[in-house]
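Biologist: Could you take me on a close look at the open sheet of chain A, and then at what lies around that part? I work at the bench, so please explain the terms as you go.

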Protein chains: 2
Amino acid sequence: MNFSSKLLENAVAEFAKLPGVGQKTALRLVLHLLKQDKAEVERFSSTVSKLRNEIQFCAICHNISDQKVCEICASPKRDQSLICVVEDTRDVMAVENTNQYNGVYHVLGGLISPMDGVGPSDLEVDTLVERLNKNEAKEVIFALSATMEGDTTLFYLHKRLKHFNINISTIARGIAFGGELEYVDEITLGRSIATRVPYENSLSR
Amino acid sequence: MNFSSKLLENAVAEFAKLPGVGQKTALRLVLHLLKQDKAEVERFSSTVSKLRNEIQFCAICHNISDQKVCEICASPKRDQSLICVVEDTRDVMAVENTNQYNGVYHVLGGLISPMDGVGPSDLEVDTLVERLNKNEAKEVIFALSATMEGDTTLFYLHKRLKHFNINISTIARGIAFGGELEYVDEITLGRSIATRVPYENSLSR
């Protein structure tokens, strides 16, 4: 694209680096910002800069937090012996939204993905092992995506943790509630027949 | 959504104000920025802030520019008596990319849209009239979108400009090159029959 201004070109290039944002979308976003008040745009840019400079991660679970120890880890109402291992803060939010979980979390900060050059040392794996060494945890629940990367991470973590005397579980996989059988993919359906559960256990609370 | 950090929540709220960006996309973009180096994020935020504070608009055509008068208006190779009226800088880029146009531009900065509260006074209409008063323009070409807003603007501008002794034209509307007849909408097809051109004129250069 031939831009009429270098400033415009630079801003579009910066926005186009964001995931899922191409040149045309970036230009649309930048032109939108240009139509806003200066104060509005200043707030946008300072919020972004402040976020990156002042953000903290909880010293225990490594979730994004404003304090040294996050609210969940600091809460006496939470069961500290139950640790749910997730990829990132979005998954913490998703589990919290269910209102079904009363334990604490451990945020890995990603999944093992050799294709993207992400290995165990890039994730909060050692800190999880350390935490289990110190803590009297009874159970670790893996709540990872049902993808290649999720399964690889699960396999690796299980190997690292199996010598601990704790229960290791993963969230149930199968057909989603409300899912119609004819639209379910073959792998999910096949596996959900193989891992069928007694009728009594299948009822949701 | 329940965020674990106020800084995160603020940043997501700022991104969610951008057009076409919802809360989930905003969170994805913010988490992407969090994974980048501090210097990288600093560059992003300062580029945005600099853009808004230092951007200039060409004093003649009102296109975004780094100088007081943009390259196109300042160029002696351009035909200053041919003015193409467009909505915004994206349209200038689109026309420039055709390599078929040698005149200059006038950027309105929007289209008349009563629904969005945009009237002629919000656009660069008076400056266009002024420009035609001063300038020895021979022709004004309207290159506006074929939408309700585009047509309204066209109708209004034609009324404002018709007393000038210049040619007023609009870009041709009809079936796009490569377009298959069966997929063309009825209005376009009906109009393109009504406004049919002699065979000799239909050949592209």
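Modeller: Happy to; below I go through the sheet strand by strand, then the domains, the contact between the chains and two loop residues.

This is a predicted model, in which local features need pLDDT of at least 70 and side-chain atom pairs count only at pLDDT 80 or more, while totals for chains, interfaces and linings use all residues. Residues are numbered from 1 along each chain as its sequence is written, and chains are lettered from A and ligands numbered from 1 in the order in which they are written.

The sheet first. In chain A, four strands form an open sheet with parallel pairing, in the order β4-β3-β5-β6. Its edge strands, each pairing on one side only, are β4 and β6 (167-170) of chain A. On average, neighbouring strands of this sheet are turned by 25 degrees against each other, direction ignored. As for terms, helices (H or I, at least four residues) and strands (E, at least two) are DSSP runs numbered from the N terminus, and two strands pair if DSSP finds at least two bridges between them. Axes are lines fitted to C-alpha atoms, for helices over the stretch in contact, and angles run from 0 to 180 degrees between N-to-C directions.

Now the pairs. Five bridges link β3 (residues 79-86) of chain A in parallel with β4 (residues 103-107) of chain A, and A:I83 has A:V104 of β4(A) as its bridge partner. β3(A) also runs parallel to β5 (residues 139-142) of chain A, joined by four bridges, with A:V85 opposite A:F142 in β5(A). β5(A) is in turn joined to β6(A) by four bridges, again parallel; here A:F142 has A:T170 as its partner in β6(A).

A helix belongs to this picture too. Together, β3(A), helix α5 (residues 89-98) of chain A and β4(A) make a right-handed β-α-β unit; right-handed means that, with the strands pointing away from the viewer, the path from the first strand over the helix to the second runs clockwise. α5(A) lies across β3 and β4 of chain A, at about 125 degrees to β3(A).

Stepping back, the assignment for chain A lists domain 1 (6-54), domain 2 (81-168) and domain 3 (172-205), with bounds that come from an automatic or database domain assignment. Taken over C-alpha atoms, the centres of domain 1 and domain 3 of chain A are separated by 44 Å.

In helix α1 (residues 6-16) of chain A sits A:L8. A:L8 counts as buried because 21 C-beta neighbours lie inside 10 Å; the cut-offs are 20 or more other C-beta atoms within 10 Å for buried, 12 or fewer for exposed, and partly exposed in between, with C-beta atoms placed from the backbone. Leaving aside neighbours within four places in sequence, A:L8 is in contact (C-beta atoms, placed from the backbone, within 7 Å) with A:F3, A:V30, B:L51 and B:I64.

Between the chains, 46 residues of chain B are in contact with 46 residues of chain A. On the chain B side, α3(B) gives the most, with 14 residues.

Finally, two residues of chain B other than glycine have a positive phi: B:H62, near 65 degrees, and B:N99, near 60 degrees. B:H62, in the loop between β1 (56-57) and β2 (64-65) of chain B, is buried, with 22 other C-beta atoms within 10 Å. B:N99, in the loop between α5 (89-98) and β4 (103-107) of chain B, counts as exposed, with 7 C-beta neighbours inside 10 Å.

Conventions
Contact = placed C-beta atoms within 7 Å.
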